[in-house]
Amino acid sequence: MMKKVIAVMFCLAGPFTLSVQAQQGSAANFGPSIGDREFSLSGSGSSDRSFDNTNLGITGDIGWYLRGHLVLGVRQDIHYADFEGDFLTNDFFQNTAGRLRPFAGGSLGAFYGDGVNDSGFAGLDGGLKYYVLDDTYALGRIEYQWFFSRANDAENAFLDGDVSYTVGLGYNF
């Protein structure tokens with residue numbers, strides 16, 4: 001019970017607890033700067049907790065760097081199983097000076113489409129960005145999402161969540 005409450009608090013209050021000061025003065029020029037935007041296009045999928053039911057699709061992200069290590073964005077998924085979702089995301093980067101950038105974050109959004117029950121969801125994610133060029137990166141992300149019809153159902157739904165995964169390419173501009 002307490003783990004569920006902590007997970008929801010992490011998703012909502014993460015920007016205040018996980019912010020890491022950006023390192024300045026690095027010789028490496030990889031990655032974003034404050035005020036930059038990013039766009040990524042990825043192949044995505046989701047599975048239930050036991051990986052019995054799996055769906056594949058396409059994900060598009062656009063984000064704005066509020067700080068060198070904090071991006072706020074919007075993500076849209078379209079899956080072959082005839083459902084869609086869109087949500088607000090917030091990722092926090094361990095802002096290293098090299099090409100590899102690990103991150104953790106959270107999301108809050110809606111799950112909708114033909115053949116599914118429309119609902120809200122929350123998620124916790126983590127992944128890696130690897131900068132192949134100064135502003136171009138390869139992306140890998142995994143997210144645990146739980147679904148709810150009403151806000152007070154969110155805590156009870158945590159154990160019945162799905163796993164979502166993404167692999168793609170992105171660009172900072």
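**Notes on buried charges and a nonpolar patch**

1. Let's start inside the protein: arginine 141 and aspartate 61 are both buried. Here, buried means under 20% relative accessible area, exposed means over 50%, and partly exposed is in between (1.4 Å probe, protein chains only). Please keep in mind that this is a predicted model, in which local features need pLDDT of at least 70 and side-chain atom pairs count only at pLDDT 80 or more, while totals for chains, interfaces and linings use all residues. Residues are numbered from 1 along each chain as its sequence is written, and side-chain values use heavy atoms, leaving out hydrogens and water.

2. Now for the overall plan. The protein has two helices and eight strands, and along the sequence they follow the pattern α-β-β-β-β-β-β-β-α-β. These elements are DSSP runs numbered from the N terminus, with at least four residues for a helix (H or I) and at least two for a strand (E). Of the 173 residues, 44% are buried.

3. How many salt bridges does a search of the whole structure find? There are five. A salt bridge is counted when a side-chain nitrogen of Lys or Arg is within 4 Å of a carboxyl oxygen of Asp or Glu. Side chains of opposite charge can pair when their charged atoms come close.

4. Back to our opening pair: arginine 141 and aspartate 61 form a salt bridge, with their closest N and O atoms 3.6 Å apart. This pair links distant parts of the chain, since arginine 141 is in strand E7 (residues 136–148) and aspartate 61 is in strand E2, 80 residues apart.

5. Strand E7 also holds glutamate 143, whose partner, arginine 75, is 68 residues apart from it, in strand E3. Their salt bridge has its closest N and O atoms 3.7 Å apart, and both residues are buried. A network of salt bridges links Asp61, Arg75, Asp125, Arg141 and Glu143.

6. Another pair worth finding is lysine 129 with glutamate 38, whose side chains meet in a salt bridge (2.5 Å, N to O). Lysine 129 lies in strand E6 (residues 119–131) and glutamate 38 in strand E1, so the pair ties together parts that are 91 residues apart in sequence. Are these two residues buried or exposed? Lysine 129 counts as buried at 3% relative accessibility, and glutamate 38 is buried at 8%.

7. Stay with strand E1 for a moment, because serine 42 is there and is buried, with a relative accessible area of 4%. Beyond its neighbours within four places in sequence, serine 42 has contacts (heavy atoms within 4.5 Å) that include Gly57, Thr59, Leu139 and Leu169.

8. Finally, look at the surface. Ten side chains are worth picking out here: Phe39, Leu41, Ile58, Ile62, Trp64, Leu66, Leu72, Val74, Tyr171 and Phe173 make a nonpolar patch of about 920 Å². Strands E1 (37–48), E2 (54–67) and E3 (70–79) are the elements giving two or more residues to the patch, and E2 gives the most, with four. Patch residues have over 30% relative accessible area and no salt bridge; like charges are joined within 9 Å, and nonpolar side chains (Val, Leu, Ile, Met, Phe, Trp, Tyr) within 5 Å. Areas come from the Shrake-Rupley method with a 1.4 Å probe, and for residues only the protein chains shown count as cover. One member, tyrosine 171, is in strand E8 (residues 162–172) and is partly exposed at 42%.
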